[in-house]
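Biologist: Hi! Could you pull up the model so we can chat through it together?
Modeller: Sure, here it comes.

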Number of protein chains: 2
Amino acid sequence: MARTGDRILDEALAQFGTRGYEATSLDAIAAALGVRKQTVLYWYPSKQTLLDAAIARGAEELHLALDAALGGAGPGLDRVDAVMRVVFRFAVRRPELLGLLREVSRLGDTAAVDLGGRLQPLLDRAASFLGEEMEAGTIRRGDARLVLLLVYSAVLGVSTDLGAQRALDIPAGVASLARLRRELFAFVRAGLAP
Amino acid sequence: MARTGDRILDEALAQFGTRGYEATSLDAIAAALGVRKQTVLYWYPSKQTLLDAAIARGAEELHLALDAALGGAGPGLDRVDAVMRVVFRFAVRRPELLGLLREVSRLGDTAAVDLGGRLQPLLDRAASFLGEEMEAGTIRRGDARLVLLLVYSAVLGVSTDLGAQRALDIPAGVASLARLRRELFAFVRAGLAP
DNA sequence: CCCGTTGTCTACCAAATGGTAGAGAGACTG
DNA sequence: CAGTCTCTCTACCATTTGGTAGACAACGGG
């Protein structure tokens, strides 16, 4: 696939992730690249196909990063930290990707199933990791899957819900972001502690 | 305003909150009520007007419930529990309302400003409450606004992100919901504890 | 030099969308 | 009873959207 196809995919990922799927038109994607809509339809024969491809790409990127974080770091809460660090970096550098994640879960149709399928093994691993740590006493006991859902929600929410941050008068600078990160880590650590 | 106007508002709130603003057409809202699109446009002269009204209604409903919870309950973490209980009840009984909240923050335009303005005093109260409790030593010290953002994200995320729950194989029954609630309460309590 | 492939474009199209104009039914009021 | 006001409807309309058909240029291989 030549470079145009990739550029289209990037742009689609960005716009689907920020403005939403329905709110993004093929014309808008094409225009952003200085290209005609029919060129987009040449590479991706329908809008749905383009969405699927964007999801696949986003899932792969997330999977790679999270996989490395899950495998590389040490035991116990350190590994939780490592995962959160990764997600937080995504939130800062590629917010549209996390936005797409949320968008997909909102669309709820086949797209979500697809994404779920791709991230499933990762989630299983994370859940069983939590379970083991609970056994070992490193983490407060509870339902591992539910705890995972909680941590996921907290991290994703903080990362994507800019509207709430505006409403709370939280400034949008690097320093503020660093404080938010520290606060998030402390909160999750405390929430998981035995 | 006669009954039709209210029915339209309810339906709009529901559809905007679940399917999203752009994905919802005036025709769809009208059809769901067995009415013509022009009747919708009679009560609300434009789609944007309808969105504004839906947001105002949702904000009022949330405000009433949260205001009561903030005022009524006891001190310390009990009050946090009370607020979470309210939000959780919304998540179960009126999920579309929380969905609208999230949708608005995604739209990000004037709508968000409007909603932010309406809920601002409530957020201020919540933040200053957290601050006082930190002073009193009931809650772990930290930036009250950031902590509020965290709790908000965790609760809203759990309440709305059904896609993630599906991906995690979390069943969708009353019993499972109750367990999720318990887990959420324990998580937040532990996350806030000194 | 010709021919198939690849990639982008112009020219359309049917359907859906938000919105306007105005008719008509019913009810309330002078 | 006449007139006005309220509400819902039919009839349109301009624009946008996702998608199809096919022309046209570049190019590589026989």
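Modeller: This is a predicted model, and we can go through the chain contacts, the core and the DNA.

Biologist: Great. How many residues of chain A are in contact with chain B?
Modeller: 46 residues of chain A are in contact, and they meet 45 residues of chain B.

Biologist: And which elements of chain A give two or more residues to that side?
Modeller: They are α6 (95-107), α7 (110-136), α8 (144-160), α9 (162-167) and α10 (174-192) of chain A. The largest share comes from α8(A), with twelve residues.

Biologist: What's the mix of residue classes there?
Modeller: On the side of chain A that touches chain B, 26 residues are nonpolar, eleven are polar and nine are charged.

Biologist: How are the two copies related?
Modeller: A turn of 180 degrees and a shift of 0.0 Å along the axis lay chain A on chain B with an RMSD of 0.0 Å. The copies are therefore related as by a two-fold rotation axis. Both use the same surface, as 98% of the contact residues of chain A recur in chain B.

Biologist: Nice. Switching to the core: which residues touch the most other members?
Modeller: The largest nonpolar core has 103 residues, and the ones that touch the most other members are A:A54, A:L150, A:V155, B:A54, B:L150 and B:V155. Helix α8 (residues 144-160) of chain B gives the largest share of this core, eleven residues.

Biologist: Let's zoom in on B:L150. What is in contact with B:L150, leaving aside its neighbours within four places in sequence?
Modeller: Its partners are A:A154, A:V158, A:E183, A:L184 and A:F187.

Biologist: OK, on to the DNA. Which residues come nearest to strand C?
Modeller: Of the 15 residues around DNA strand C, the nearest are A:T4, A:R36, A:Q38, B:S25 and B:S46. Two or more residues each come from α3 of chain A and from α2 (26-32) and α3 of chain B. Among these elements, α3(A) gives the most, with three residues.

Biologist: And strand D, what's closest there?
Modeller: DNA strand D is surrounded by 15 residues, with A:S25, A:S46, B:T4, B:R36 and B:Q38 the closest. Here the elements giving two or more residues are α2 (26-32) and α3 (37-43) of chain A, along with α3 (37-43) of chain B. The most, three residues, come from α3(B).

Biologist: Last one: how do the residues near strand D divide by class?
Modeller: The surface near DNA strand D has six nonpolar, six polar and three charged residues. Near DNA strand C, the residues divide into six nonpolar, six polar and three charged.

Terms used:
Residues numbered from 1 in each chain as written. Chains lettered and ligands numbered in written order. Predicted model: local features only at pLDDT ≥ 70, side-chain atom pairs only at ≥ 80, totals over all residues. Near = placed C-beta within 6 Å. Helix = DSSP H or I, 4+ residues; strand = E, 2+ residues; numbered from the N terminus. Nonpolar A, V, L, I, M, F, W, Y, C, P; charged D, E, K, R; others polar. Contact = placed C-beta atoms within 7 Å. Least-squares fit on C-alpha atoms with pLDDT ≥ 70 in both. Core = buried A, V, L, I, M, F, W, Y, C linked by C-beta atoms within 7 Å. Buried ≥ 20, exposed ≤ 12 C-beta atoms within 10 Å, placed from the backbone.
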